[in-house]
Amino acid sequence: MLASAIRRRMREELFQRGIISPERFEQEIREKAIESQKREGLSEEHHPEDSERWELRYHRIRRILTDFYFAYNLPIELLHKIVDDVLAGRSGGERPSVGSEISLRFNPELAPLEMVLRQAEAYEALPPDQRAQVQHHLEELRVVLLKSLLSDQLGFIRIAKRWFTAADFGYIIRHRIGSGKIGGKAAGMLLAYKILQGTAPQIAERVVLPRSYFIGADVFYDFLALNDLEYVNQKYKSEEQIRQDYPLIQEKYACGRFPEEIADQLRDLLREVGNTPLIVRSSSLLEDNFGASFAGKYLSVFCPNQGTLKENLRDLTLAIRRAYASIYNPDALSYRRRMGLIDYDERMAILIQEVQGKPYRNYFFPSAAGVAYSFSPIVWNPRLRREEGFARLVVGLGTRAVERTPNDYPRLIGLSHPALRPEVTPQAIRQYSQHQMDVIDLQSNTLVTLPVQEVLGTDFPALRWVISVDDGETIRPPLTLGLSLQPQQFVVTFERLVQTDFVPLLRGILSRLAEEYRSAVDVEFALTIQPAEGGKADLTFHLLQCRPHHSWNADLAVRLPEEVSESDVIFVSNRMVPLGVVESVEYIVFVDPEKYYRLPSAHDFSETARRIAQLNRALEGKSFILIGPGRWGSTDFMQGVPVTYADIFNTRALIELTSRKGGYASEPSYGTHFFQDLVESGIFPLAVSAEEEGDYLNLEFLRQATDQRSVWVEENSPALECIKVIHLPAERPGCVLEIRMDGKKGMGYVRPAE
């Protein structure tokens, strides 16, 4: 076989140059083969391996070591020469013109990656008429490269094989550390950029990718083996065991070390980027794939990168180890179980990127950042067109755009009518605006959260497109940026930004990507905004991430019931209502707002979340919904029950009760990672406001219904006093709860069971 011949020549070069002796090479193969047996629980005494399996293992490790020693000691040009010589030898002493080759002379699935890449480069360099003859071979080569370097997900490959070229694969190899795929997050970002380059060059001119490096997924297993970490089967344990083990896993991973060759490459990376801030992002094999985005499930860590090389390497490797540990996050494992992906070999690749932004005073951050969706499952005004999408936008780092933060709100932009805000009055605009921003403090070498008015001044280059001015009576765009303007007057609105070509640019990006993906998509991005001539804004769009969605049904038509007696209505919602139907609900888990906010200690609020998780497990297989105060999933327990996805993933709907008078006003989770979890899992979020005209909650029914909590939770605690479990058929024999949502109005009502 050609692959065998090439590797034989590679070993000859290694031996002739004294890089390693043949004897030492064979000894190392045997040692590593025995090590791999031990990791699999095999031994000569208890579980001996037959000779055929041993030979397969031995030759596989021989191939790996050949590639490893050659790659780390000899130039790529020498490998190219070896490949050319071997190909020429197979063709009778002279390599034929690739244009005349109708069939490949080797099997791409078994050949070394460099050989596959070289052949793809040769085919792509042919004149158009000759290239047409080998197009089917070129497609096969691209698919092999995609599966080896990016993703084995067929939905991804179907699209990506049209857009990736040999030059793109070469770029990935040059920027890859270790071996293995670069993972879903990195793959999705690169594919989105290639699509824009191929379908919308005028848009692509304004879109840039961060300088990026990829730690291959195989390094994850090398890390496990080197540190003797035995948690590969964690996913099959019970939820309680997973939760109990996770802190210990985080601790052990934080103390791990990397193979020396990986650490050396990370040092080289840091020398190359200098003191530019970095972000370490998870890029697991399952992330950002069709039907399962894993949004926010795994960890991303900012590295300010302002120390010495030794300090920066320490921080970078710790960030990678923390991202590795997050693969065992209870939220992630619950999500995998819910999405039917628990048996997949989930390895973690890592995407390391330069943080997009510019220094300002002592801080580093982008002018703006956010997440945008090509389709809006929820709208706040009937004039908004769902198919044109929406965005969540913040000033500073984009963390606050994708996470639910207490008492802080991004700007929601409906892309069909960007001037139509969810809020109307100056008081509401002021309240539901961004008050804090995340930035990198270059002096303290840390990620910090600071008040917007403390960071931004009148000399901030993008100020006029970011803020409006609160003059005490109205909130208006700034007329001038003189000394008379005080930071205390700043309100983050992006009013002038949405009047630029930002919205058309974003719509164009989303529509192009959604058309090629044949599904709704979302993108994460950062913006650089610079003043240009004539008072205009010069925008640069930094593409950070792209993922598809298949769970949003734009064509669904839902009709609300025409006649329902008042006593049968449980709740009505009129704001940001999705499309969908939840049928045959048997149980309501109700957290009473009055009792919840009377809990005596912070421990009791956390205990409430734990009890909700307990009920979530107990009611698995039953159809139930959750109704409670404020934001489900808030990090601030005074804003709502601080559950995570792993605590509520079995529910059918989350009803958020809001009341400004009660002190638990809530901005919906619309567009956050938490919201995305709900949508992908078929969990419908709804908000019922005490102050919203037309909203309604049947508190009399909820408070008078018999509490069935003791059936599901035996012990008692103060936290349980605010939780009630209502069994609908027990309250209304022969009946169940149904929720119907037509995109404008949502109603939960009791009806006879079918």
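## The five-stranded sheet

Two strands count as paired here if DSSP finds at least two bridges between them. By that rule, in this predicted model, 5 strands make up an open sheet with antiparallel pairing, in the order β20-β27-β28-β19-β25. Its edges are β20 and β25 (696–697), each of which pairs on one side only.

Start with β27, which covers residues 735–742 and is mostly covered, with 7 of its 8 residues buried. On one side, β27 is joined by 5 bridges to β20 (residues 579–585), and the two run antiparallel. If you want a register marker for that pair, Gly580 has Met741 of β27 as its bridge partner. β27 also pairs with β28 (residues 746–752) over 7 bridges, again in the antiparallel sense. There, Cys735 sits opposite Pro752 of β28. The β27 and β28 hairpin has 3 residues between its strands, and Gly743 takes a positive phi near 95° in it.

Over at the β25 edge, 2 bridges link that strand to β19 (residues 569–573), and the two run antiparallel. Val572 is the residue standing opposite Tyr696 in β25.

## The six-stranded sheet and its helices

There's also an open sheet of 6 strands, this one with mixed pairing, ordered β2-β18-β17-β9-β10-β11. The edge strands, pairing on one side only, are β2 (207–208) and β11 (411–414). Strands of a sheet pair through backbone hydrogen bonds, either parallel or antiparallel. For β9 (residues 368–373) and β10 (residues 390–394), the sense is antiparallel, with 5 bridges joining them. Ala372 has Ala391 in β10 as its bridge partner.

Two helices are worth a look here. Helix α10 (residues 184–199) lies across β2 and β18 (537–549), and runs at about 125° to β18. Helix α21 (residues 502–517) packs on the sheet too, touching β2, β9, β10, β11, β17 (520–531) and β18, with its direction at about 150° to that of β17.

## Nonpolar cores

The largest nonpolar core has 110 residues, and the ones with the most contacts inside it are Leu150, Leu456, Phe502 and Leu513. Helix α21 gives the most to this core, with 9 residues.

What does Leu456 touch once its neighbours within four places in sequence are left aside? Its contacts are Tyr360, Arg361, Phe365, Val395, Met437, Leu463, Ile467, Pro487 and Phe490. A second, separate core has 35 residues, including Val280, Ala323, Met348 and Ile352.

## Two helices up close

Helix α13 (residues 239–254) has 16 residues and reaches 23 Å from its first C-alpha to its last, close to the 22 Å expected at 1.5 Å a residue. Even so, α13 bends by about 35° at Tyr246, and a proline, Pro247, follows within four residues. Tyr246 is also one of the buried residues of α13, alongside Glu239, Ile242, Asp245, Ile249 and Tyr253. An α-helix has 3.6 residues a turn, so residues three or four places apart point the same way. The buried residues of α13 pack against helices α12 (218–226), α15 (309–325), α16 (330–338), α23 (602–618) and α24 (645–648).

Helix α2 (residues 22–39) agrees with the expected span, because its 18 residues should cover 26 Å at 1.5 Å a residue and its end C-alpha atoms are 26 Å apart. Its buried residues include Phe25, Glu28, Ile29, Ala33, Ser36 and Gln37. Just after α2, Gly41 takes a positive phi of about 80°.

## Positive phi away from glycine

Most residues other than glycine have a negative phi. Asp228 isn't a glycine, yet its phi is positive, about 55°. You'll find Asp228 in the loop between α12 and α13. Is Asp228 buried or exposed? Asp228 counts as exposed because its relative accessibility is 58%, and the cut-off for exposed is over 50%.

Phe494 is another non-glycine with a positive phi, at about 60°. Phe494 sits in the loop between β16 (490–492) and α21. Its relative accessibility is 0%, so Phe494 counts as buried, given that buried means under 20%.

Conventions: Residues are numbered from 1 along each chain as its sequence is written. This is a predicted model: local features need pLDDT of at least 70, side-chain atom pairs count only at pLDDT 80 or more; totals for chains, interfaces and linings use all residues. Side-chain values use heavy atoms; hydrogens and water are left out. The expected span of a helix is 1.5 Å times one less than its number of residues. The bend at a residue is the angle between axes fitted to the seven residues ending there and the seven starting there. Buried means under 20% relative accessible area, exposed over 50%, partly exposed in between (1.4 Å probe, protein chains only). Contact means heavy atoms within 4.5 Å. Axes are lines fitted to C-alpha atoms, for helices over the stretch in contact, and angles run from 0 to 180 degrees between N-to-C directions. A nonpolar core is a set of buried Ala, Val, Leu, Ile, Met, Phe, Trp, Tyr and Cys residues joined through side-chain atoms within 4.5 Å.
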